Amino acid sequence: MSNKKTGNVLFQQANEAYFDDEFEQSESLYTQAIAADSTVGDYYLKRAQVRSKLGNMSGASSDARKASDLTANKSDQLRQYFKALYLHGKWAFELKQYDEAAESLRKAATINPSHEEVKALLEKTEPLTTPVPEPQAAPEAEGTVEPARPKVRHEWYQTDDCVILEVFIKRVQKDAAAVEFGERAVSLSVKMATGSENNYDFDPLQHSIVASECAFEVLSTKIEIRLKKAQPGVKWSHLEQTDEDQAAKALSQLGSSRKGVSWDTIAADAEKEAKLKPSEQGVNELFQSIYRDADPDTRRAMMKSYVESNGTSLSTDWSSVGKGPVETLPPTDTFAKPYSS
């Protein structure tokens, strides 16, 4: 018998024991089912409930948290996911783990905003959470071109259709926050009670969004931003595009624009580069050094400008390059000829 079948048989036996009020035997059987197959969220959820009956609130809370992790982002297990979040929030509150409780209850409220018990418990929990300090922009260092992006605690999760971004800033007035949505960017602007204004940019996002169907809501402890996926069902592994994503995209664009690559030519070019004059080698090493030591925006600018200009332009200014396609600029007295296969 496979582990999955064994786990299912033990799970059914545990359910029977639970309904017969044999809670200790039921807990033992649920534990054996989990040992046979630890990938099923319902096993942890049921053991959480029986542990609650036995007065083991710490174990119950831990199991409910595990159940929520296993059922998250699975549309066919949304009911179990909601129940796991609610129970974890409830038991974490009883254990005075208010930050954990609030985190689960917020997610449960997103799934079912009209659930009265969740709303009531969240209202009791929110004032007891650890205060989040007002984010401060890093001081501008001498010679810095532009100020560092202010840091703010944020979390995100997703459904098949949306990405929900939670930015934790307390006591923001509803008319003091503004959000701009782009095809692959989100910009949040918040006017703080001190009179300062902080801007938070999430750009570029890992995947495209439908700007016209995105929305945000200012709550007592956070700003919740709902991003409508342009491709429903596609799972995001990161909120923002990583350097690896950028490099893969650039290589893909370069490969699609240069059909019929000749590896002999590439090898010859590499050999030719190795024979560069000392002055030319210095320029080549300079560009490599700039890219290696650059920040992510500078790398993005260099990669985008070089690829889109077909090797005729290299810029380190993302604020300029990021505004649109980079024009091909051939040498004087020459012209750019479109490539044709």
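**Notes on cysteines, salt bridges and backbone details**

1. The sulfur of Cys214 has its closest cysteine sulfur in Cys162, 7.9 Å away, which is too far for a bond. Looking from the other side, Cys162 also finds its closest cysteine sulfur in Cys214, at 7.9 Å. A disulfide is taken here as a pair of cysteine sulfur atoms within 2.5 Å, and by this rule the count comes to 0 disulfides. Cys214 is buried at 12% relative accessibility, and Cys162 is buried at 14%. (Buried means under 20% relative accessible area, exposed over 50%, and partly exposed in between, with a 1.4 Å probe and protein chains only.)

2. A word on the basis of these points. This is a predicted model, in which local features need pLDDT of at least 70 and side-chain atom pairs count only at pLDDT 80 or more, while totals for chains, interfaces and linings use all residues. Residues are numbered from 1 along each chain as its sequence is written, and side-chain values use heavy atoms, with hydrogens and water left out.

3. The structure holds 14 salt bridges, each being a side-chain nitrogen of Lys or Arg within 4 Å of a carboxyl oxygen of Asp or Glu. One of them pairs Lys4 with Asp37 at 3.4 Å, N to O. Lys4 lies in helix H1 and Asp37 in the loop between H2 and helix H3 (41-53), so this pair ties together parts that are 33 residues apart in sequence. (Helices are DSSP runs of H or I with at least four residues, strands are runs of E with at least two, and both are numbered from the N terminus.) Lys4 is exposed at 53%, whereas Asp37 is buried at 8%.

4. Another salt bridge joins Glu103 and Arg65, whose closest N and O atoms are 3.8 Å apart. Glu103 belongs to helix H6 (residues 98-111) and Arg65 to helix H4 (residues 57-71), so parts 38 residues apart in sequence are tied together. Glu103 is buried, with a relative accessible area of 19%, and Arg65 is partly exposed at 26%.

5. You may like to look at Lys222 and Glu224, whose side chains meet in a salt bridge at 3.5 Å, N to O. Lys222 is buried at 3% relative accessibility, and Glu224 is buried at 9%. Elsewhere, a network of salt bridges links Glu27, Arg47, Arg51 and Asp63.

6. Asp21 sits in the loop between helix H1 (3-19) and helix H2 (23-36). Its phi is near 65°, a positive value in a residue other than glycine. Asp21 is exposed at 56% and gathers with Glu16, Asp20 and Glu22 in a patch of negative charge on the surface. Such patches take residues with over 30% relative accessible area and no salt bridge, joining like charges within 9 Å.

7. Arg171 is not a glycine either, and has a positive phi of about 55°. This residue is in the loop between strand S2 (162-167) and strand S3 (177-181), and it is exposed at 65% relative accessibility.

8. The loop between strand S4 (186-191) and strand S5 (197-202) holds Ala193, which is exposed at 81%. Ala193 and Val172 are 7.6 Å apart in space, C-alpha to C-alpha, and 21 residues apart in sequence.

9. Finally, a peptide bond to check: from Asp203 to Pro204 it is cis, with omega near -5°. Pro204 is in the loop between S5 and strand S6 (215-218).

How values were computed: Patch = residues over 30% accessible without salt bridge, like charges linked within 9 Å, V, L, I, M, F, W, Y side chains within 5 Å. Areas by Shrake-Rupley, 256 points an atom, 1.4 Å probe, with all protein chains shown as cover. Lys, Arg positive; Asp, Glu negative; His and termini not counted. Charge placed at Lys NZ, Arg CZ, Asp CG, Glu CD.
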